[in-house]
Amino acid sequence: MKPEKRGMYGLGQPVAAAVLLFLVLAMTMQVARAQTSSPTPTPTPTASPTPTPSPTMPTPTPSPTQINAEISSGATVLNLGSSFLERLGGQATSGFDRGLRNNPGGGGASAAAEGPWIRAWGEAYGISSRTDNQGEFFGDKRTTWGGVAGIGARVAPGVNIGFSADQSRTNVDVPLALQSATLDLTQLGFNASIDRGPWTWAVALVHGFGSIDTSRDTGAGIARAGYRAQLDGALTELDYYWTVRGSRVVPKFGLEYVRSTTGALQEAGGLDPVAESGATLERSRALLGAEIGHYWIFDQKILDLSAYGKFVDNFSQNFGSVVVSLGTQSITVQGIGESRYGSDAGASASLSLGNTARIYLNYDGKFRTALQAHQGTFGLELKW
């Protein structure tokens, strides 16, 4: 072989190896570039769970039954004002007293013979009453104990005046509503009468003020409240006095107006204590009836027995409404009153121990559609 060809073959082997190495490197770089340029797969998003809303507590709302004791107490103030007014009017127009004014000592002497006189009296009384269910008012029972002291005078022939004060405490129970109240009431009264022949005209005025404390069992403690009360009233009555041999019949006609107010309150303690606005109650009524009686004289004493009956027409009543609030919620609640028509009835026994002292027992009853009240009174009167 020639030397030129052998040299060419010796040079070709390294070149081939270099070319092969280049190709391997090129392929390796291509694979690496392909792997680098391949996109990373995006992970599939996972849905977040919807949060469960927390339960909300219901907003407490006041109920009309939460203030049954307050409604009852307001009506009690008005009724006690009427009761005192009518006792003052009855005292000024009582047929027995009227007879003694015109027939001193029961012996037929002239009224002018007795001259001016002063009298003082004291009374102790108790009242029991019940009000039936009326709508959202569950009904109540009320018990009152009180005393009266007064002084009066004859200021001219046939003209008489008197002043008196009444102090009482009333316990109100609303058992179905788990509520109760106490009412301490002071009343100041004035009465006057004018006698002209068989006719007697009388007026009576009353102003009262007091405090009310209520309590309510909420199931988680007692909610209590205290507030003030006030009343004003007036009564006028016209009577005709007719007698036959110690017996008498006295037709009577009267008009009465009473207005009471109670202050605002805020309960404290217990579960869901409520607030209440003040209330105003008004009532105008007409009373038409008659008294019958008879007296006996024995041993220088005079025993008198009498009874009366009246038809009652409450021709105008404003029961009053209050706003009851609990938190941001509030409602309006109507008060309670008497039925339009009703009747009053009573009886009296009186024993005069001479010309200067008298003791007496009275019964007075009030009968309405949803209300009954019974009052008993024991009194002592002194004159000089």
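Is Tyr240 buried, partly exposed or exposed, and what is its relative accessible area? In this predicted model, select Tyr240 to begin: the residue is partly exposed, with a relative accessible area of 33%.

**First stop: the aromatic pairs**

The model holds three aromatic pairs, and Tyr240 belongs to one of them, so add Trp199 to the selection and look at how the two rings meet. Their centres are 4.9 Å apart and their planes stand at 70 degrees; because planes over 60 degrees apart count as edge-to-face, that is the class of this pair. Colouring by strand shows that the pair links distant parts of the chain, with Trp199 in strand 5 (residues 199-217) and Tyr240 in strand 6 (residues 222-240), 41 residues apart. Trp199, like its partner, counts as partly exposed, here at 42% relative accessibility.

Next, select Phe311 and Tyr341, an aromatic pair that is stacked, with 5.8 Å from centre to centre and 25 degrees between the planes. Phe311 lies in strand 12 (residues 301-318) while Tyr341 lies in strand 15 (residues 341-353), so this pair ties together parts that are 30 residues apart in sequence. Phe311 is partly exposed, with a relative accessible area of 43%, and Tyr341 is partly exposed too, with a value of 47%.

**Second stop: charges over rings**

Select Lys310 together with Tyr308, and you will find the charged end of Lys310 over the ring of Tyr308, 5.7 Å from its centre. Then move to Arg87 and Tyr125, where Arg87 lies over the face of the tyrosine ring, at 4.5 Å from the ring centre.

**Third stop: strands 1 to 3**

Now show the backbone of strand 1 (residues 118-131) and strand 2 (residues 140-156), which pair in the antiparallel sense over 14 bridges. To find one of these bridges, select Ala124, whose bridge partner in strand 2 is Gly147.

Keep strand 2 in view and add strand 3 (residues 159-174): these two strands also pair in the antiparallel sense, over 15 bridges. Selecting Gly146 leads across to its bridge partner in strand 3, Ser168.

Which residue takes a positive phi in the hairpin of strand 2 and strand 3? Follow the backbone to the two residues between the strands and select Gly158, which takes a positive phi near 80 degrees.

Conventions: Residues numbered from 1 in each chain as written. Predicted model: local features only at pLDDT ≥ 70, side-chain atom pairs only at ≥ 80, totals over all residues. Heavy atoms only, no water. Phe/Tyr/Trp six-rings, centres within 6.5 Å; stacked < 30°, edge-to-face > 60°. Helix = DSSP H or I, 4+ residues; strand = E, 2+ residues; numbered from the N terminus. Buried < 20%, exposed > 50% of the residue type's maximum accessible area, 1.4 Å probe, protein only. Lys NZ or Arg CZ within 6 Å of the ring centre and 35° of its normal. Pairing = 2+ DSSP bridges.
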